Each structure stands twice: as structure tokens, then as C-alpha cells.
Amino acid sequence: MFEDRSTSPDSIEMLGVAKKLDVELVWDRYAAQVPQCGFGETGLCCRHCLQGPCRIDPFGNGPQTGVCGATADTFVARGLDRSIAAGTAAHSGHAKHLAHTLKKLATGKAPDYSIKDSNKLRAVAQRQGIQLVGKSDQQVASELADLALEEFSERSTPVGWTMKTLTTGRLKKFEEMGLLPFGIDSAISEVMHRTTNGVDADPVNLLLGGIKCAIADYDGMALATDLSDILFGVPQPTVASANLGTLKVNAVNIAVHGHNPVLSDMVVAFAPQMEDEARKAGASEGINIVGICCTGNEVLMRHGIPMATSSVSQELAIITGALDAMVVDYQCVMPSLTKVAEGFHTQVITTMGIAKMPGATHINFEEEHAAEGAREIIHLAIEAFKKRDAAKVHIPDIRNTAIAGVSAEAVIGILSKLDAADPLKPLIDNIVNGNITGVCLFAGCNNVKIPQDRNFVTMIKELARRDVLILATGCASGAFARHGLMTPAATEKNAGPGLKAVLTALGNAAGLNAPLPLVLHTGSCVDNTRAVAIAVAIANKLGVDLDKLPVVASAPEASMEKAVSIGTWAVALGLPTHIGVVPPVTGSPLVTQVLTQTAKDLLGGYFIVELDPVKAAEKLFEVMNERRKGLGLAEKVVA
Amino acid sequence: MKHVIVGASAAGMAAAEAIRKRDPGAEIVILSNETHPPYYRPLIPYLIYNEKTGEDISRQARLTPSNLDLRLGVHATILDSKNHILAFELADSLSYDRLLIATGASPIRPNISGLDGPGVFTLRTWADAEGIAKVAKDAKHAVILGAGRIGMKSAFALRHLGIEVSIVELLDRIVPQQLDEESAAIFAHTVADAGIKIILGQTFKTVNYEGKKITSVTLNNGVELKADLVIAGVGVRANLELATSGGLRTQKGLLVNERLQTNDAHIFAAGDVVETKDIVSGDPIVSGIWTNAVEMGRIAGDNMAGGISNYNGAFSLLNAMELGGLPVVSVGEVQALPGDGVEIYTERKGQTYRKLVFYGNRLIGLILVGQIERAGIYQILIREKADVSALRHELLGHRFHYGHYLLSGPRKADQYFMAG
Amino acid sequence: MKRIFVQPDLCTACKTCEMQCAIEHSQAKNIFASPSEKPHPMNRVYVEAADGRKIPIFCRHCDDAPCVAACISGAMFRDPITDAVMCDSSRCIGCWTCVMVCPYGVIGRQLELGKAVKCDLCPERESPACVDSCPTKALVFEDVEKFSKEKRASFAAAIAGG
């Protein structure tokens, strides 16, 4: 009955409960917004100065310029640029938070953190040009943190992580086109400058400015993933579970929601110390931490914490009546949570000074006192558990197994079991021989406009059938986990013969005695550069640039500005990038054309906008074949 | 052409307007047995507590056709249909070319001891309301027989005057024609909040007097209720005397064809006096609804003036009202029981309630309490006997609007989107 | 006799018409002050969506207006000059019979006053606020007779009465 809202069975069950309880959810609020304003939908509304707001009539009967004279092309390009800047800022904030944490750790100010992966610390530091000889991990960490923090400000040279992690060809192209940012925050600031009234009015120049900012976004994300791995460990394959059925009746259920492991990892780390208190409060199964959204991915891939649900369905976790605390940091956290929680005992706990919410309990989480903060949060959850109303508890009996934590290092690790000397060879061989058509990275959010997970699930089945190797991050991986697609069984059921053979060989090599899961979980949404690292390795090995590889990306249910910036850098890196919603650019045919066509000539990558998931999969398959052809490989034919 | 209309309420005035529209030069004589000028009958409860004046409830000039020969206080008693002559109570008479019988209906007074005595009122006319107002000035306790619309309206009016009001209803819920159990339960609260006492499953045994003054009412169960004012609101009966005198065919009401013509081709009928058919079920009904009377009057008037208009029947239930600040709309077959192709959808949230009655692929009944926005589109679907199978999801939702209705019929949508 | 004509395919659902309608029917008649007024100014024109299409829904000022026929208090009437269907607030008793019979669902309820509200074609203006404010000219205010047949064919919701 809720098929227009979600295809995830646990969500559907909870939607029924929510309806019965008359709780207003994101889908209801969306329905109340429909029809949405066409000027906003097409990008033809500008509010960048106080002479506005201005609108341009897409039909040509009304005004064709804003008060300042800006045209539809300028409106749309400026608007898109600001979205990219906002997305970049979000990742920048996330990355900076990690850099500060590393610095505090290195200077002894954050005693509850430690360097979890010394190898990665040293590898990253070395790659970024830090001398390692004779230095302790702590010293290296301190220097790396300084180097990381420098990335954000205005530098005299291009941003370092980008320069050290991409192909030479790509970097050369960026340099020629003037796309190399000289600092992450400076790139954001530049976009804000050039998009304000009376600066850049040239739509193509504006788009190049947006791309430059998106490359800064790539830089911040690559940095964030590196530092997360150093601080919290490089993810390794781990068997966990997903869906709202991972909440437990007899446990204190704590959901960590948001994005940064700086908080969630500590909650996970200190929960065992509080088990007794939880049991004393009557929770016979102690403390049960579950993840929501990308913070969920972070603790899933490193600690096997169950993935309860994703961003669009976050409110449903509260509706179960069994969630004692929802602990959030930042990004994709709906301000409605406290309103939904009014009807339940759930404590909504905000933790970040920049991300508070009326009606929530705020516990300011500081890295200097992480243990204290984590304990206080867990204590609040236990107190809330005591107030839980058993009559309101409704946990859907739906759980799926999910194998998570397939980082680039993990992929190489598995591959090296087939060929220790040349780990990439088995993968490349199978692409060359056509067992694998190509690689698709699924990323991005759920979007209330699309029945939750519909596009993800439809597309993956279409692509897997065509022997496409699937990687997933962020809410994409949440979707696949909740539908049982991150399992060997899903491979058996859905993979084409070539893909199945490869995943089976790899699975056996990894000692699974079963194929690898149909979807390789490569992390949270901030971790999209993990997939790039694999692609760059393949490209370097083949001696071609990224824009020649049969590698594509898809955000079929994108919704956040972060997805806009990620999509843009994916295009800049040379990836054909599918999005399953129409971005607010169609008011400018010129901008639309640059993004979907001209970009291909300039960068190799380009946007593919396709709302129909079956057609989208077909298009991506065609693109991979085109790339195969370009590499002189046989085109894949699928019945 | 000389048109004579008997009855100057909803049907009569609508007919006059329709005649005037089609035939600007026609002679129109309109007779009323009331001495008050034409007025809006549903507003008379406001006279009881002086919320409105006679002026406020009178039909304004802007809604009255020009050049009407309006004669008040005239009782037409005998119809000589052979000679096209109408005779009055006081020995006068009038000839006609076309006659409209819009004599309406009169309240029923059940055969209960004392119910025909002084101090017992019905509420049908302006004069009735004035009578109640006069007695109500000194009344402390009022008992009302019947919890229908009239009973409820009277009760609220008397409460405005601070009178203790009890309503005695034979059935198991208030406003039983218009509400089902659930919605009646919602309104029971509203009514109780207004300080009105409801006694269900009872009727009067006697109305008791001391001399000419009412002292109390005794119920069937023996309970005695203090009273110095009694109102009976238990329904109406068509005023068929005039029609019968002219040899016109009647059953429960005056029988008419689709053009609202009686068995005498020169005589038409409209309003509460007519027996028509239920638009949903097709069963014969005598409608007591203002809105239906206006529509009948308009069609009868048009036909009298030479037009060809058809009347497709009335909703036996088509009512909107607000009681104690809570609105309700009831249309069509709201009392149907599930089974035999009937499906019922209900939804209750606090004081909001929605009931949709489906029969096969049709919507046949509707109750909306609280949120009644856009009820008219549901009403049209019922009236048109539209196939609503494609609209089911939207109908059950809270945002059903004209756009959904529009897109459900390709022709309608094409017309609307001609530009595309 | 002028009427509002709608060209739905030009509608972007920006809802400027709804907002300007409410402002026009407020006391202050300006966007900054009107929203805080009591009673709340209400719009009488609506933009809805169905099937992904944007659908402006306006009062047609019907020839045989069901709201006028059904009104039990004489509040609904046809203006003799503009021929528009109007609601006389002073007469309205809030029985909502008009809401029950309007097939377009364009009669609103002003709850604070207990009165029905509907499009009055902005009698104090040369052309209605919604039409004047429509940024894509999806709305036009034209004389029904003058409005050429061809042009009308391209406009939807041709208003009854022409």
C-alpha cells in the first residue's frame, strides 16, 4: 500500500504503523509541497542579491533576465555552482573535523583516540611527501594533520591529495583547463565570490569554476577517508546485518546517525563499559547500537554494527517505539526527528555545536573528552530505555545479512590471493576477457520523490545480469544491504555468468567458500574516492587515463548538495555519471548541454539524466561498451 | 403567458427566476400562504435568539426576479385544473396558463397526548420562529422531540438564550439520517459541550400541563423532564391538499415526469411537495432539501417558460452543516452496509472523520466531518455515477482535488490541456 | 464580461497567483504585513498537481452556478455588472453547502470568521491580482466575447458563460 513511498519491506511495514499513529513523515511533507515551484525546479530563480528574488520565464512570455541582466544560463550555472560549493563545504567540514582530531591525538589532547592503522598513516604520509625516517607515529600523525589542515586554506600550490591520488593525464588536463584548486575552502570561497551579483556571468566559465570547486571536494573526501582509516582502521570485509529488524526488544537501542566516525566510533567503543548499567535497567540483551545513514556505514564497515535504515527513512526508526536514543552529528539529519520523537520515549541527542535542533538534548561532543561524552550519551539512552512504552514497540521482523567493508585495500587484499605479485592482473584480465563488462559505482542518497530504493534495486539487477561489477557507498549501500543484495546469495541469483565466475573465484580465494557479494561495499558517502583509488590503479596499470575505462557512476536517487558536488567531480575525473532525478538546470538548455554533452569532449566524463531505472542501466551498459570498444576490447552482448 | 406559482420559498422563487430568464415579458404571479416576504427558511433558527433580524433572513432584491406579482397571506385551496383556475380560501380566484405547485411540506405532529397543546411548537416558518422566541423569553427548560437537523438547530438556538435543553430521540444516535454511528459519536461530544442533554431510544408519552402552561414531559420510560417549552422536530409531510383537489396524481408526494410536469401538462411541481427519485438508488423519495428544491424550481420554471430541461432526481441526502463549530457534509448512501458489492472506507482522527461508501467502481456515499474541503468534487462523482476505480488512491488520500478528477477522464483532460 | 483564462501548460506551479490572491484579499495588501494579519488572508485560486502535471484550478463563475443555487442564506449571488459569482460575507452563515456542491473545489473556508471565501475577480482592480502577477502569463483576463475562438482553443478551462 505504500509502494509509492518505499520498496524496502521494513520501511513499508513501518509506514503502516506511522499511518495508524498519524505521524507526519517526510513523504507527507513532500506531498504537502507538491506541486513544487517550477522556477526552482528549473533553476530559474535567483536570490543572490537584495534586488531580487528574480525569475526567468522558461516559456519566454515573461522576463528573460534578472534585474541585474543575468540570463537563464547565468542563473542556472550560478545556482549549480553554489550547490557544488555547499556540497564541498559539507565534506570539507567533515574532513577538517578528522584532521583536527588527528592533530589533537598527536599532541596528546585526545586521549581516547589512537592511531588504529600505523601502516596507512605512514603510507599516506609518505605519499604526501612527509619524511618518515626516525619519526614516531605520533610525530608523523602531527605532521600529516598539519598538512591536511593546510589543504583547506589558500596555498601557493594545488591541493595535495588530488595531486597525489589521480592519474598524471588527469592532472595535466586539469592544469591545462585551470581546474586545479589551491585550497579546499578557498575554492568554496571562490565560487561564492564569482556567483555573487556582478561577478561571473559567463555560463561556461561559471561551470568550469564549479568543476574546480568539485575537484576540491574530491580532495577533501580523499583526505577524509585517509584520516578516518588512520584513526579508526582500514575497513575489512565483515559480516553484519541490516534493516529495522536489527533493533532488539530487550536491549537499549542506540542509533548513531549522521556522518562522522569521530563521534560514532566512540559511542561504539564505550558501549561495552556500560553494558552492566543497561542490564540493571532491565535490558537483558544489553546495549544494541545500530547505524543510520553514513555514520551507519562507518561503524558497519569497521565494527559490523547493523545498518538499521537510511536517510529518507530515518524517522521510521523512531516509529518502532524501540529506539531509545538517536545520536546525531551532522548532515542528512532531518529537523523533523524531534517532532516525530514527541510521540515516543526516544531521546534525540545532538552532539555538534554547529548542528543543533529545537527539542533535542544537546551534549556537546569534544574530542578532548570523548569517553565522557560517549558515556553521557549512552547513559541518556539507558535512562530513556526505562521510559520505553512496551505497547508502542513494533519492530519489523525483517533482517538481511550484509557483507560490508570492502575498502580499496581489502579489494587488493582479496585480489592478491589470486596473484600476489600482481594483484590487479586478475581484475584487468577479467575485464579484458569480458567476464566483467565494466564497473559501476553506486552512490548517493535516497530521494523522497522516488519510492525508496526502487532505482537502486532495479538498476543493480539490470547491470549485474550484464556482468557489471558493482561497488556501492553511502545510502546506496544502505539500500542494497536492506534488500539482501550484499550477500553471496544475491550474486548466485542475480549475477550474469561472467560476473558470477569472477566473484566466485574471488570469494573462494578469500576463503568464503562462496562468491563475493553482488555489491562490494566500499564505504560511506564520504568514501567515494576509495573506488577512484581502484580505478586509478587500473588506469595506471593499463597506461590510459580514467576517461578511457569502462567505469561509470550512478546516483539514481540523489538528493543532497553533496551528491551534486560528488557527481561533478566524477564527471571531471572522466566518469559517465548517471543521476536518476532531474537537477535544477533544465531552465538553461546551454548548461544542460554542457553537462550532458560538451563535458564529454572536454573531460571525458558527463552527466546522464535518466529517470527510468531500466533505461538508465541500458544506457550505462552502452557507455561501458563504448569504452570497451575504445580500449580495443570486445563489446559485451547480453541477451 | 401567465404563470402562477403557489409557494414563495426555494422552489417557487427559483422557478420565477428561471421563467423570467427565459421569458422576460412573462406575467408571473407568486402566492404565499405566509404573511412574511420570501425568506431563507434555513435561517429561521437565528430568529429565535435574535442573532438575525427579519431583514437579515429575507430574500434580497438582487436574488429576486423583476416584475413579480407577489401576493402574501394567500391560501390557495381548490384547483380547478379543467378550467385553469385556482380558488383561494377567501372566495377569490386566479386563472393561469401554467401553474407551479410548490406548496412544500408541513411538520408532522405525532399522536402524543398533549403534543397538540399550546406551548408546543414546530419550526418550519418565520412565524413559528417568532412564536418560539416569544415563549423562550421566559422559558427555563425546553424539551425537543427529535434529534434531526431541526431538533439540533432549535436546541442550539435555545442554548444561546441560556435555556436548559434536552433532546429526546427515538433512534440510537443524533442526526440519524445524516450521520452514522461514528460521526454521531463525534457530534454527541460537541452537543454535550454546548450543554445540551441528549436522551436516546426514547420518545414522549405525554406532554403535561397545568392549565395552559406546560410543566413537563413524560417519556416512555416514565422519566419526567421539566419543561416550559416543547418543540417537535420529527419530520415533514408533503402539502398535497391543493394537488389532490385538482385531481393530480399523488403518492407520498406529487407525481411528476422528468420535466417536473404533473399528469396535467399545464401544471408543474417543484420542491418538498414532489415525489422524485433518489439519484443514487433510483428509489422514490420526497426530498426535504433546500438545494434540491432550488434545482427543481429552476428546471420546472424553465420548462414552464418553454424550455426543455430534465430533472434527473435528487439526493435523498445532501447536507452540509456546522454544529458547535464542527462542520459535516453528508451525501448519498451513507448508511449502506458492507457486502454485496458495497465497500466502506472510514478514517477517524480526533474530531475529523471520513467515510467513503463504494459500490463496485462507483462512489455512492460520503461523510466528511471536520475537514470538508473540496467535498463538492466527491459529490459530483456520486452524482455522475462516475467510474472511480482509477481514482481510488486519491479519493482515500487527503488531497483529492479537481486535477485528479480532471485527469481521470481523458476527454476532460484533453479539454483542459488543449494547449499541450 | 471578462474572465480569467488559464493556459495550464505554461504553469510552473510557483504559486505566485495563490500568494498574490491572498494578499489582495487582505487588509494591508502587502506581502510583508499581510501574512501576520488576523483573520488570515486566504487565497481563492489554487495550483495543484496530478500525474506530474501542474494544474491551476480557478473558479469558473459557472453559468448555472451550483453554489448560488445551493446557498441557503442568499450569500452567493451573481454580480449584475461583472457577472461574477460573489459571496456576500455578511450573509454567509458558514453552513458550507457551497463547499459541498462546488464541483471544482474552489470555495474555501475562512475558519476564523466562519465564512466561505471564493474568487471575486478582484473587483477593485482592473485585472485580478493572480493574472497580473503570473510570471509566465499562464493566466489572462479577457473579455469572453473578444477572446477569439482560435485563441480560446489554445486555452484550457474556457470559462462557462461565453
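A crossing of two helices is left-handed if the near helix is turned anticlockwise from the far one by less than a right angle, and right-handed if clockwise. Keep that in mind for the exercises below.

This is a predicted model, in which local features need pLDDT of at least 70, side-chain atom pairs count only at pLDDT 80 or more, and totals for chains, interfaces and linings use all residues. Residues are numbered from 1 along each chain as its sequence is written, chains are lettered from A and ligands numbered from 1 in the order in which they are written, and side-chain values use heavy atoms, with hydrogens and water left out.

**Exercise 1. Work out how α4(A) and α6(A) cross, and which residues meet.**

Step 1: Find the helices (DSSP runs of H or I, at least four residues, numbered from the N terminus). You want α4 (residues 72-106) and α6 (residues 137-150), both of chain A.

Step 2: Look at the axes, which are lines fitted to C-alpha atoms over the stretch in contact, with angles from 0 to 180 degrees between N-to-C directions. Here the axes come within 8 Å and cross at roughly 150°.

Step 3: Put a word to that angle (under 35 degrees is roughly parallel, over 145 roughly antiparallel, 65 to 115 roughly perpendicular, the rest oblique). So α4(A) and α6(A) are roughly antiparallel to each other, and α4(A) passes α6(A) in a left-handed crossing.

Step 4: List the contact (heavy atoms within 4.5 Å). From α4(A) come A:K96, A:A99, A:H100, A:L102, A:K103, A:L105 and A:A106, and they meet A:Q138, A:A141, A:S142, A:L144, A:A145, A:D146, A:A148 and A:L149 of α6(A).

Step 5: Sort these residues (Ala, Val, Leu, Ile, Met, Phe, Trp, Tyr, Cys and Pro are nonpolar, Asp, Glu, Lys and Arg charged, the others, Gly among them, polar). You get nine nonpolar, three polar and three charged.

**Exercise 2. Do the same for α9(A) and α10(A).**

Step 1: Helix α9 (residues 184-194) and helix α10 (residues 203-232) of chain A have axes that come within 8 Å and cross at roughly 155°.

Step 2: That makes α9(A) and α10(A) roughly antiparallel to each other, and α9(A) passes α10(A) in a left-handed crossing.

Step 3: Among the contact residues are A:I184 and A:V191 of α9(A), plus A:L206 and A:C213 of α10(A). The contact residues divide into seven nonpolar, three polar and four charged.

**Exercise 3. Describe how the two domains of chain C meet.**

Step 1: Domain bounds come from an automatic or database domain assignment. Chain C has domain 1 (1-59 + 120-162) and domain 2 (60-118).

Step 2: Taken over C-alpha atoms, 18 Å separate their centres, and the contact takes 18 residues from domain 1 of chain C and 20 residues from domain 2 of chain C.

Step 3: Buried area is the accessible area (1.4 Å probe) that two parts lose on being put together, summed over both. For these domains of chain C it is about 1,700 Å², with carbon and sulfur atoms giving 61%. In domain 1 of chain C, the residues that lose the most area are C:M42, C:R44 and C:C59, together 32% of what that side buries.

**Exercise 4. Describe how chain C meets chain B.**

Step 1: Count the contact: 45 residues of chain C touch 49 residues of chain B.

Step 2: Chain C and chain B bury about 3,600 Å² between them, 59% of it on carbon and sulfur atoms. On the chain C side, C:I72, C:R91 and C:M100 lose the most area, together 19% of what that side buries.

Technical notes. Helix = DSSP H or I, 4+ residues; strand = E, 2+ residues; numbered from the N terminus.
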